[in-house]
Amino acid sequence: MERSQSKAAPVRDGRVYVLGGNASTLAFVSSLRAEKGQTMAWLVPMAWTPVGVTLGDGWQRVSIAADNMGGWVDQTFPPEDERSFVTPLRDLEMLLRVGWHAEVPQALAESMLVNPEDVPEDVLDALDHPLAALTQCAVCRRMCVRDDFVWNERQLCAWDYHATVFSKRGPWREEPYEERFFETLPRAAYVAPGLLHEVSVEPVLAVAGLPEDRMRTLINIAIGTDKDGAYLAVRTDQGLTLLRERAATAT
């Protein structure tokens, strides 16, 4: 995939060499100088979401046998994982031979990468965003951003939240909301149109940047003008979004 031509090329300081990654982890080294036959690598938690990749805090340091770096990379990021990617072994071997060394950064940025051409576009974009607290989805165990999607006190990924809360079992209604019900609306960091399509739901109204009472009024006006639809209002990080169950297509 070609990178956007409008994005200025970063000035690099070459402190991070990415070894590989998968659906939950990014691995990098800042030094390939062996001590007692071991080199140190850092594992960064990573979450792939419908709106992009997010890197997590809580890095883990691991020791790798200096004479088995390539084997460790292949074993940790096997090709069976559709999200896996690895760096070319020849480049890694060259850096090992010269004993490449740099100081470990406190945070990551694309400008720090020695080998950005080996890193997927989504991961490159994530490098220039703040780290977040990540956790595992209570249903599918995939990595997700903590507190982005919580339902019945369980941390969920975007996929399982949409499939659960916006399914037929969700809190749908056919009448405008009473004021007290606005306090108990489902909360989500965002609504993903692609995931809504999978559960036959469509967004019909999104309001933000207005006083709370005005947003509530707009939501209820939209519901009140339709006597046959089932609606569900969601509180997002931006404001309120109104969803409607898609009518069944006649056959």
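Which elements each supply at least two residues of the lining of the largest cavity? In this predicted model, the answer is β3 (38-49), β8 (143-145) and α4 (158-165). Of these, β8 puts in the largest share, three residues. The cavity itself holds about 50 Å³, and a search of the whole structure turns up just one cavity of 30 Å³ or more. Its walls are made by Trp48, Thr49, Pro50, Met143, Cys144, Val145, Asp148, Phe149, Cys157, Ala158, Trp159 and Tyr190. Sorted by class, that lining comes out as 10 nonpolar residues, one polar and one charged.

Next come the pockets. The largest pocket offers about 270 Å³ of space. It is lined by 14 residues, and Ser31, Arg33, Glu35, Thr39 and Met40 sit closest to its centre. Two or more lining residues come from each of β3 and β5 (60-65), with β3 giving the most, four residues. The split here is four nonpolar, six polar and four charged.

The second largest pocket has a volume of about 220 Å³. Its lining also takes in 14 residues, with Val51, Gly52, Val53, Thr54 and His129 nearest the centre. Here β4 (52-55) and α3 (121-127) each chip in at least two residues. By class, seven of the lining residues are nonpolar, four polar and three charged.

On the surface, Leu210, Leu218 and Ile221 make up a nonpolar patch of about 230 Å². Leu218 belongs to helix α6 (residues 212-224). With a relative accessible area of 32%, Leu218 counts as partly exposed, and it can join a patch because the cut-off for patch residues is over 30%.

Methods. Residues numbered from 1 in each chain as written. Predicted model: local features only at pLDDT ≥ 70, side-chain atom pairs only at ≥ 80, totals over all residues. Heavy atoms only, no water. 1 Å grid on protein atoms, 1.4 Å probe; cavity = no way out; pocket = protein on both sides within 12 Å on 5 of 7 lines; lining within 4 Å. Points joined across faces, edges and corners; volume = space filled by probe spheres on them. Nonpolar A, V, L, I, M, F, W, Y, C, P; charged D, E, K, R; others polar. Patch = residues over 30% accessible without salt bridge, like charges linked within 9 Å, V, L, I, M, F, W, Y side chains within 5 Å. Areas by Shrake-Rupley, 256 points an atom, 1.4 Å probe, with all protein chains shown as cover. Salt bridge = Lys/Arg side-chain N within 4 Å of Asp/Glu carboxyl O. Buried < 20%, exposed > 50% of the residue type's maximum accessible area, 1.4 Å probe, protein only.
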